[in-house]
Amino acid sequence: YNFCEDHNALDVTTFISSRAHRATTAFVDAATARRLTYTQLWRSVEGVAASLSVDMGIRKGNVVLILSPNSIHFPVVCLAVMSLGAIITTTNPLNTTREIAKQIADSKPLLAFTISDLLPKITAAAPSLPIVLMDNDGANNNNNNNNIVATLDEMAKKEPVAQRVKERVEQDDTATLLYSSGTTGPSKGVVSSHRNLIAMVQIVLGRFHMEENETFICTVPMFHIYGLVAFATGLLASGSTIVVLSKFEMHDMLSSIERFRATYL
């Protein structure tokens, strides 16, 4: 069925969430074994989207920045932002404050999601940018930071609001604004539309020919287009379980394969 031609008003989050499957677990944190079921995932996405729209005034076309290593929360933010027609821009946690400041100046985000360990980079790069903390422990340690407007956990618990503004998202609207590494010159913003991402979801599903629920190990950075397309979005359409490592460490990866009985690496 050709979604790309027949359903022009379709965002990638809706496309993924509408796919039928019988899976239970969406994400597993390799370090803590904490699980996020598909029910919890989509409930969190709805809550974060409602909070972004109602409490923070995020609208279609607005840019939202994520500065974070891999985590089971990273996809929640991406899916919620894109469901509104807002645009995700990601940046490498290893980037310098100067590099982050350059990207912020270019992409002009209205809000940033980050973890407490990376908070100093954001505040130094953009002193007035509102911030949502993705880790609750960090929120307790940074109560005096006036830039912090919420925690992801608080947002995820927000009840969906029936009367909130829902703008029409077209497949040709921008979904992500990811930046090249800059190895051959200045880093450049690369635009991907909802149509691009929907097509990539289909490619991911076609590549693996999955007939039953599989378990994938994720060490590829989700801030990179490969990690975002495969692990933060695409594989969810198949009902796969994704074991998330915050970074690549050989021992951790091998032990996770054994511990969680991974079927794909």
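This passage describes strand 3, helix 4 and their surroundings in a predicted model.

Strand 3 spans residues 63-67 and is mostly covered. Five of its five residues are buried. Val 63, Leu 65 and Leu 67 point one way from the strand. Val 64 and Ile 66 point the other way. Both sets are buried.

Strand 3 has pairing partners in strand 4 and strand 5. Strand 4 covers residues 87-91, runs parallel to strand 3 and is joined to it by five bridges. Within this pairing, Leu 65 stands opposite Thr 89 of strand 4. The chain travels from strand 3 to strand 4 through helix 4, residues 74-83. This β-α-β crossover is right-handed. Strand 5, residues 111-114, is also parallel to strand 3, with four bridges between the two. Here Ile 66 of strand 3 stands opposite Phe 113 of strand 5.

Helix 4, the connecting helix of the crossover, is mostly covered as well. Nine of its 10 residues are buried. The buried residues are Phe 74, Pro 75, Val 76, Val 77, Cys 78, Leu 79, Ala 80, Val 81 and Met 82. Gly 85 follows the helix and has a positive phi, near 85 degrees.

Helix 4 meets helix 10, which comprises residues 225-233. The two axes come within 10 Å and cross at roughly 95 degrees. An angle from 65 to 115 degrees counts as roughly perpendicular, so helix 4 and helix 10 are roughly perpendicular to each other. On the helix 4 side, the contact is made by Pro 75, Cys 78, Leu 79 and Met 82. Helix 10 contributes Leu 228, Ala 232 and Thr 233. By class, this contact contains six nonpolar residues and one polar residue. No charged residue takes part. The helix 4 residues of this contact, Pro 75, Cys 78, Leu 79 and Met 82, are among the buried residues of the helix.

Two of these residues also touch a residue of helix 2. Thr 13 lies in helix 2, residues 12-17. Its relative accessibility is 5%, so Thr 13 counts as buried; the cut-off is under 20%. Beyond its neighbours up to four places away in sequence, Thr 13 touches Trp 42, Val 45, Leu 79, Met 82 and Ser 83. Leu 79 and Met 82 thus appear in two settings: they touch Thr 13, and they belong to the contact of helix 4 with helix 10.

Definitions and conventions:
Residues numbered from 1 in each chain as written. Predicted model: local features only at pLDDT ≥ 70, side-chain atom pairs only at ≥ 80, totals over all residues. Heavy atoms only, no water. Buried < 20%, exposed > 50% of the residue type's maximum accessible area, 1.4 Å probe, protein only. Contact = heavy atoms within 4.5 Å. Pairing = 2+ DSSP bridges. Right-handed = clockwise from strand over helix to strand, strands pointing away. Axes fitted to C-alpha atoms, helices over the stretch in contact; angles between N-to-C directions. Parallel < 35°, antiparallel > 145°, perpendicular 65-115°, else oblique. Nonpolar A, V, L, I, M, F, W, Y, C, P; charged D, E, K, R; others polar.
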